[in-house]
Protein chains: 2
Amino acid sequence: MDYNNADFLTEKILSGDKRALSRAITLVENEDPRAVKIERDLYGNTGKAYRVGITGPPGAGKSTLVNVLAREFKSRGNRIGIIAIDPTSPFTGGALLGDRIRMGAALADPDIFMRSMASRGGTGGLARTTTQVADVMDAFGFDVLIIETVGVGQLELDIAGSVDTTVVVLVPEAGGGIQAMKAGLIEIADIFAINKADRDGAEILKSELQDALSLMPAIKNSSWDLPVKLTVALEGKGVKELVDTVYAHKDHLEQTGKFHINRQSQAEIKIKDIVRAEVAKRLWMNPELSTMMDSLSRFCVEGKIDPYTAARSFLRSAEVQKV
Amino acid sequence: MDYNNADFLTEKILSGDKRALSRAITLVENEDPRAVKIERDLYGNTGKAYRVGITGPPGAGKSTLVNVLAREFKSRGNRIGIIAIDPTSPFTGGALLGDRIRMGAALADPDIFMRSMASRGGTGGLARTTTQVADVMDAFGFDVLIIETVGVGQLELDIAGSVDTTVVVLVPEAGGGIQAMKAGLIEIADIFAINKADRDGAEILKSELQDALSLMPAIKNSSWDLPVKLTVALEGKGVKELVDTVYAHKDHLEQTGKFHINRQSQAEIKIKDIVRAEVAKRLWMNPELSTMMDSLSRFCVEGKIDPYTAARSFLRSAEVQKV
C-alpha cells in the first residue's frame, strides 16, 4: 500500500491502478531512480500499444482533434492514453495550457487517460522522457497512445522517430505544398490532416500538398502514398476517415515488415540514450577528470592549447583511467 | 591562391581577406574536415572579440536593432561581425528572412560583416556550429560579435552560455514581468531592451519587469542589477544608452573576475562537445558494436531483454574492445 515503492507501483500498474500509473509517470518525469526499476520491470509488458504522433502549428486545433480522435478510437473498442506536450510560450508564459480546459468531455472518460507534460525551455531530455512515459502507459494496457506536440523542432523529429504513425495537422491558411517540403514536414508526416477544413483554402492546400508530394515520389523510399485528409475537429467531421487512415498506415507497416523495423530502431534509440547517459556520467562526474578539465579549459582561454588538443588529452586520461 | 586549401584560408583570414572568411565559415557550416584544421590553426588568435547575444520573440525588431547597434559600435571605433540565425518557420517556409532586406545600409559597410545561418528543423549541432563560426570571425579580427537568435529554446540557452552579454529584446505588448520570470527570460538576460518603446505600455512593462527583478535579487548570485532599457530601433532612439549598458556589463564582468570564469566555462563547453563527438564516433561507427546493437535492439523488441540490460551489455563490449 505504498505508492512510493517501485515494486508496489509496478504491480499496481499491471493490475490497472490509475493512481499508480500517475505516480510512476511523475517519477519518470522527475528522473527518480525508482523510475528505472519500474521501467525495467514493466518492459516485458510494453510493445502492445499502437503509437500515434500528432503535431502541427499552434492554433491548428490539435487538442480538439486529439479529443475527437480519442473518442473515435474508443468507439472501436480501444483504451486510449494521451501524452500532450504543452509548450509554455517563453515570451508570454504558460497560456497555451488553456486549450486543455475544452477537453473536459474526453477527460472524464474512464477509457481515456491524459497526461500533460510541460516543455519549458530546453527539449534535450524531453523526447527521452516522453518515450519512457509512453512505455509505462503501454505496459498499463492502453491499446492506442496519442502523443501531441507543437511545431517541427528537434523534439518533433525525435518524437516522430519514436511513434508508429505521425499525423501532421495543418490549417487552410498554412501556406502551400512547397512550403511543407521546405519545412521538412513531408519527411516526418505519415498522414497530413488539414483541420478547420470548412474554411476557405482547404481544397487548394490539399491539391498543393498532393502536387508537392507527386514531385517527390521516392520519399522515405516508401510504397506508402502520403494521404491528405480534411477534418473539422470541432464538428467531428472527417475523424472516422482519419482513424481509418491511421489503421491503413498500420496495415501498410505490418504488411511491408516496416512495423518491426521501426520498432527495432525505436529500441535502438532507447539503448543508445541509456549508453550516452552512462558514458556522460563516467566522463563528467569523475573527480580526477573534472580537475583535468578545469586545467585544460584554463589553458584554452590562455591560448596555450586549442580545444581539439584539449579534448584529445582529456580522452587519453579517460582511457588510462579506464573510464 | 586556392580557396579550397585550409592553410591558404587560415593565412588569408589572418590577413583580413573577407572572401577567405566567408569560405571558411561555409566549411564550418558544412562540417568539412578542413574546418577543424582552420579552427585549430586560428585558435591562438581568438578570444579578443566581445560577444553579444541578442534574442527575443519574432516581430520584436531584433534585426533593425542589431543593425543600429552595429553602427553605434562602429562609431566607437570597432569592427563588427554579425551572426544572424534565421529560423525558417517550419510551417510557412523561410519567410522570416525577408527582414534582412531592410538591413542593406549596414551590410554595405566594410566594417560590418554579416553572416546568416538557417536553423531549419533540428538545433542539435547549431549552437556548436555558431560558436565555431564566431571563433573564426573572432580570429579574423572583429572587435564585437553580435549573435542574433529568435526565441528562448535550447539553442538560445546554449548561445547565452557562449556569449559575454545577452540582451533580451521585448516589445511593450509582451506580457509582464511575471511572465518573463516564468519563461526563464530572466535567467538568460544580462540586459533587457524594450524595443518599439514609442508604443503604449513600454513604461508599464519596464516597471513590471523591475518589480519582478526586485523579487529575485539573488538571481545568478550576482551583484549585477539587471537593467531594463527602452529603445526605438527604427529611429535609433536609446541605442547609445543600450551600447553603454553593454559596456557597463563588460566592465562588471571584468571587475568581478566573471569575465574569465565565463570564458573558461565557454572553453569547457567546446572541449566537451569535441569529446562527445569523438566518443560518439567510437561507439556508433564501430562495425562490431553496430552488429551487437542490432542484436540487442532485436532482443528488446522481442521482449527478451530491457533497454537498460541491453545498454549494459553494449558498454561491456565497448570496454572489452577498448573503444
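What percentage of the 323 residues in chain A is buried? Buried residues make up 52% of that chain. The views below come from a predicted model, and each legend takes up one part of it.

**View 1. Chain A as a whole, with its 14 helices and seven strands.** This is a good place to get your bearings. About 13,900 Å² of chain A is exposed, and carbon and sulfur atoms supply 52% of that area. Contacts that reach far along the chain are well represented: of those between residues at least 6 apart in sequence, 76% join residues at least 24 apart.

**View 2. The largest nonpolar core, a set of 47 residues.** Look for A:I146, A:V167 and A:F192, the residues with the most contacts inside this core. Which helix gives the largest share of the core? Helix α4 of chain A, residues 62-75, does so with six residues. Another core lies apart from this one and has 46 residues, including B:V68, B:V167, B:V228 and B:V232.

**View 3. The surroundings of A:V167, in strand β5 of chain A (residues 165-170).** Setting aside residues up to four places away in sequence, A:V167 touches a run of neighbours at A:V52, A:G53, A:I54 and A:T55. The other residues that A:V167 touches are A:I191, A:A193, A:L242 and A:V246. One of these, A:I191, also stands opposite A:V167 in β6(A).

**View 4. Strand β6 of chain A (residues 191-194), covered on both faces.** In a regular strand the side chains alternate between the two faces of the sheet. Here A:I191 and A:A193 lie on one side, A:F192 and A:I194 lie on the other, and all of them are buried. Strand β6(A) also has partners to show: β5(A) pairs with β6(A) in the parallel sense over four bridges, while β7(A), residues 228-230, pairs with β6(A) in the parallel sense over three. On the β7(A) side, A:K229 is the bridge partner of A:A193.

**View 5. Helix α3 of chain A (residues 33-42) and its buried residues.** Which residues of this helix are buried? They are A:A35, A:I38, A:E39 and A:L42. Because these residues cover an arc of only 100 degrees around the axis, they sit on the same side of α3(A). An α-helix has 3.6 residues a turn, so residues three or four places apart point the same way. The cover over the buried residues of α3(A) includes α1 (6-14), α2 (18-29) and α6 (126-140) of chain A, and also α14 (307-320) of chain B.

**View 6. B:L69 in helix α4 of chain B (residues 62-75).** Is B:L69 buried or exposed? Its relative accessible area is 3%, so B:L69 is buried. Apart from neighbours within four places in sequence, B:L69 is in contact with B:I54, B:I146, B:V239, B:L242 and B:V243. For a sense of scale, B:T256 is 187 residues from B:L69 in sequence and 26 Å from it in space, C-alpha to C-alpha.

**View 7. B:T231, in the loop between β7 (228-230) and α11 (239-256) of chain B.** With a relative accessible area of 0%, B:T231 is buried, although it belongs to a loop. Beyond its neighbours within four places in sequence, B:T231 is in contact with B:L65, B:I194, B:N195, B:K196, B:A197, B:K237, B:G238 and B:L242.

**View 8. Two residues with a positive phi, A:E31 and B:K196.** A:E31 is not a glycine, yet its phi is about 55 degrees. A:E31 is found in the loop between α2 and α3 of chain A, and with 69% relative accessibility it counts as exposed. B:K196, also not a glycine, has a positive phi of about 55 degrees. The loop that holds B:K196 runs between β6 (191-194) and α10 (202-215) of chain B. At a relative accessible area of 23%, B:K196 is partly exposed.

**View 9. The cysteines A:C300 and B:C300.** How many disulfides does the structure hold? Over all chains there are zero. A:C300 counts as buried, because its relative accessibility is 3%. B:C300 is buried too, at a relative accessible area of 2%.

Key. Residues numbered from 1 in each chain as written. Chains lettered and ligands numbered in written order. Predicted model: local features only at pLDDT ≥ 70, side-chain atom pairs only at ≥ 80, totals over all residues. Heavy atoms only, no water. Core = buried A, V, L, I, M, F, W, Y, C linked by side-chain atoms within 4.5 Å. Buried < 20%, exposed > 50% of the residue type's maximum accessible area, 1.4 Å probe, protein only. Helix = DSSP H or I, 4+ residues; strand = E, 2+ residues; numbered from the N terminus. Contact = heavy atoms within 4.5 Å. Pairing = 2+ DSSP bridges. Areas by Shrake-Rupley, 256 points an atom, 1.4 Å probe, with all protein chains shown as cover. Disulfide = S-S within 2.5 Å. Arc of directions from axis to C-beta.
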